[in-house]
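Please look through the structure shown below before reading on. The paragraphs that follow go from single residues to strands, then to internal space and to the relation between the chains.

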Number of protein chains: 2
Amino acid sequence: MEFKVNSKVLEKLLSKIIPAVPNRTPMPILENFLTEIKGGILTVCATDLEISLKSSLNVTSSGDNLRIVIPARLLYEIVRSMDDTLITFGIDGNSKLKLTTEKGVYNISYSPANEFPDIPTVSKSKEISINGKDLKKAIDQTSFAMSKEDMRPAMTGTLLEFTTEGLRFITTDGHRLVRFIYRNIKASAEEQYILPERAISVLAKLLGETDIKIYLGKSHISFIIGEVDFSTRLIAEKYPAYGSVIPLENENILKVKRHDLLATVRRMMLFSSSNSKQVKFSIAKNGITISAEDIDLGSNALEKIVCEYDGDKMDIGFNTQYVSDVLTHVDDEEVLFKLHSPTKACIIEPGKKNDGEDLMLLLMPVRLNT
Amino acid sequence: MEFKVNSKVLEKLLSKIIPAVPNRTPMPILENFLTEIKGGILTVCATDLEISLKSSLNVTSSGDNLRIVIPARLLYEIVRSMDDTLITFGIDGNSKLKLTTEKGVYNISYSPANEFPDIPTVSKSKEISINGKDLKKAIDQTSFAMSKEDMRPAMTGTLLEFTTEGLRFITTDGHRLVRFIYRNIKASAEEQYILPERAISVLAKLLGETDIKIYLGKSHISFIIGEVDFSTRLIAEKYPAYGSVIPLENENILKVKRHDLLATVRRMMLFSSSNSKQVKFSIAKNGITISAEDIDLGSNALEKIVCEYDGDKMDIGFNTQYVSDVLTHVDDEEVLFKLHSPTKACIIEPGKKNDGEDLMLLLMPVRLNT
């Protein structure tokens, strides 16, 4: 049998599916595209057993009911290296896939699809609609704080929490926590879904301007993004009760220009010692004095920044990298630090909240070593 | 004492010097900038004992005859992180360099310069002038063929050969050879200078549109590029007598569109086996058939390209990567392959030579495994 498809159309489809192909795997079959033809529709799938991607397009085919696996990277690279041209795929019985174009002939081996794992299907009973840009924004503002440590698997992912208050995105690594809420996406019952890190990073790259549909299953969640069907296994763990660590009343409010503070903190990263990575904020009514020191190198730095602050004088220490991360992800000219004491969690918020959105970042201080 | 300098002016100067600071060195002193003030001029130097970079600028200084070493990367990163501002450098007796700006105060340790190695000075008796763009072009077209193997140190560098015929740039790794000649830069006597790979790669990044001066010494060569003085140790070896491998008469001329052939060869790279990396050119009067095969993967490819060719039919094999490299560096729409037989060196040249320039690439064929 044979089928025909334009090289650029196929390249676009394969480029959407290839992110699910694992780089290293003990199961070589996963390094293939599962390729099916049924009813004149070509469907290409890939999976690493955690995430899977699938997309389809119409092709002109002389046969039907094809189901084979093709080396994914080789096929993708070949198609990508071609000019805009028509490719005729020929399949005979000898496990050779023959690609013919006006330029030449290319043979690659294919295998039967029997051993390719099943792609889980997610029930369409629970459906959510969200704009791709909105979902991307929520991911961009929260994903940096996912834990890199496997000790508590739930914290290595991003929590999607449907509540009566809105849809919450939560990440935390125990040192900092980010909570981003879309107030307009309300649910009648509270439900939690934890997406693995790899799903979040692949998803962020797939998202564009188009509206997407999310289907929520017990063990898997799936996203319909244009012609692409992305699904991922959920982390089957209980997310920590993060609400209890968020202080209700931090009465001392510091207001400061975000860019100024970020530039200062980045300079402090050059001076804070590689062990403690500590930066000290000495906050007073007329301004903040920010300082860092590397005793081993004998270097230190001190800068002053104007601010608005009405509370008591306070010396508080932070991890320089964490303050920098947090400031990078606040989407406003001004940033608020809500403080209670040098040993209690600090709340960081944009000076002005966007309509329907609620971003809150929590940062644990570090003990000052003086 | 103290001196003042604008942050952006200093950043620009340091960015030119930092490439000579080694990333890893058993001599920690080399991780510093040698910093001198004399007669109101600030001079900054760095060296890895092979290459060295030096540049100066006028500063307002309250003292003179300063000579210290300052941690290079730390100073560069600090200056780079600053906005456009005036920096006051204060030096007291306690080995602390104090930088003061309108924003803050930064202390870093400095050391006396006694142990910093001397930067070799190159006699100005032999001087050559060349435009920076021309020198960059010669480097860009030849540097890829320098040998990566230390067995024959001369071949790990680029040969600059002054001859009565012009200035030649030669590189070879034994499998391919590139010869680029500027016919307008003629010398009365033949002289050879071999520049190390690191010097070539740093030089390529420093070169712009401005004219440069080259000073030729016995053990070192120096380049004056605007305000920057770049010098490098020469490789003290005899360059192989490359002239003897260049065939004088390759009577079979193949003429082909460079972009078409390059695109085909790049596709063949996906099919040529990772062991042999072999691509086969079957050349006939009406066209070339180009093919590659990976027996382990069971994949193969074959393309046809139109060409002009008048010689006998010939099957000749090349290393796919090497043909691709060579085709990438021929600066013309059309490319000529001058052939003699499947076991003799092949000469590759642009279809049309630029005025005053002469580019020749030589490629050794590989034995066909059929």
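Is A:F89 buried or exposed? The model is a predicted one, and in it A:F89 has a relative accessible area of 2%, so it is buried. The cut-off behind that word is a relative accessible area under 20%. A:F3 falls under the same cut-off because its relative accessibility is 3%, and it counts as buried.

These two residues form an aromatic pair. Their ring centres are 4.7 Å apart and the planes make an angle of 5 degrees, which classes the pair as stacked. A:F3 belongs to strand β1 of chain A (residues 2-6), and A:F89 belongs to strand β7 of chain A (residues 86-91), so the pair ties together parts that are 86 residues apart in sequence. A search of the whole structure, over all chains, gives 20 aromatic pairs.

Strand β1(A) can be followed further. In a regular strand the side chains alternate between the two faces of the sheet. Along β1(A), A:F3 and A:V5 point to one face and are buried. A:E2, A:K4 and A:N6 point to the other face and are not buried. The strand has antiparallel pairings with β7(A), over five bridges, and with strand β5 of chain A (residues 60-61), over two bridges. In the pairing with β7(A), A:V5 stands opposite A:I87. In the pairing with β5(A), A:F3 stands opposite A:S61. A:F3 thus has A:S61 opposite it in β5(A) and is stacked with A:F89, a residue of β7(A).

Chain B supplies an aromatic pair of another geometry class. B:F281 and B:F318 are arranged edge-to-face, with 5.2 Å from centre to centre and 80 degrees between the planes. B:F281 is in strand β20 of chain B (residues 278-284) and B:F318 is in strand β24 of chain B (residues 314-319), so this pair ties together parts that are 37 residues apart in sequence. B:F281 has 0% relative accessibility and counts as buried, and B:F318, with a relative accessible area of 1%, is buried too. Back in chain A, A:F169, A:F180 and A:Y182 make up one aromatic cluster.

A:F180 also appears in the description of internal space. Rolling a probe the size of a water molecule over the atoms shows where empty space is left. Over the whole structure, a search finds five cavities of 30 Å³ or more. The largest cavity has a volume of about 80 Å³. Its lining includes A:F180, along with A:K137, A:Q141, A:D331 and A:P350 among others. Helix α3 (132-142) and strand β27 (357-363) of chain A each supply at least two residues of this lining. The largest share, three residues, comes from β27(A). Among the lining residues are A:E357, A:D358 and A:L359.

Next comes a sheet in chain A. Nine strands form an open sheet with antiparallel pairing, in the order β10-β6-β2-β3-β4-β18-β17-β16-β11. The edges are held by β10 (111-112) and β11 (127-131) of chain A, each with a single partner strand, so one side of each is left without a neighbour in the sheet. At one of these edges, β11(A) runs antiparallel to strand β16 of chain A (residues 211-216), joined by five bridges. Within that pairing, A:I128 stands opposite A:I214.

In chain B, B:A72 is found in helix α2 (residues 72-81). Its relative accessible area is 0%, and it is therefore buried. Which residues does B:A72 contact, leaving aside its neighbours within four places in sequence? They are B:I18, B:V21, B:E31, B:N32 and B:F33. B:D332 is 260 residues away from B:A72 along the chain, and the C-alpha atoms of the two are separated by 43 Å.

The last topic is the relation between the two chains. A turn of 180 degrees, with a shift of 0.0 Å along the axis, lays chain A on chain B with an RMSD of 0.0 Å. The two copies are therefore related as by a two-fold rotation axis. In chain A, the C-alpha nearest the axis belongs to A:N23 and lies 15 Å from it. The same surface serves both copies, as 100% of the contact residues of chain A recur in chain B.

Conventions
Residues are numbered from 1 along each chain as its sequence is written. Chains are lettered from A and ligands numbered from 1 in the order in which they are written. This is a predicted model: local features need pLDDT of at least 70, side-chain atom pairs count only at pLDDT 80 or more; totals for chains, interfaces and linings use all residues. Side-chain values use heavy atoms; hydrogens and water are left out. Rings of Phe, Tyr and Trp (its six-membered ring) pair if their centres lie within 6.5 Å; planes under 30 degrees apart count as stacked, over 60 as edge-to-face and the rest as tilted. Helices (H or I, at least four residues) and strands (E, at least two) are DSSP runs, numbered from the N terminus. Buried means under 20% relative accessible area, exposed over 50%, partly exposed in between (1.4 Å probe, protein chains only). Copies are superposed by least squares on the C-alpha atoms of residues with pLDDT of at least 70 in both. Contact means heavy atoms within 4.5 Å. Two strands pair if DSSP finds at least two bridges between them. On a 1 Å grid over the protein atoms alone, a cavity is a set of points where a 1.4 Å probe fits but cannot get out, and a pocket is an open set with protein on both sides within 12 Å along at least five of seven lines; lining residues have an atom within 4 Å of a point. Grid points are joined across faces, edges and corners, and a volume is the space filled by probe spheres set on the points.
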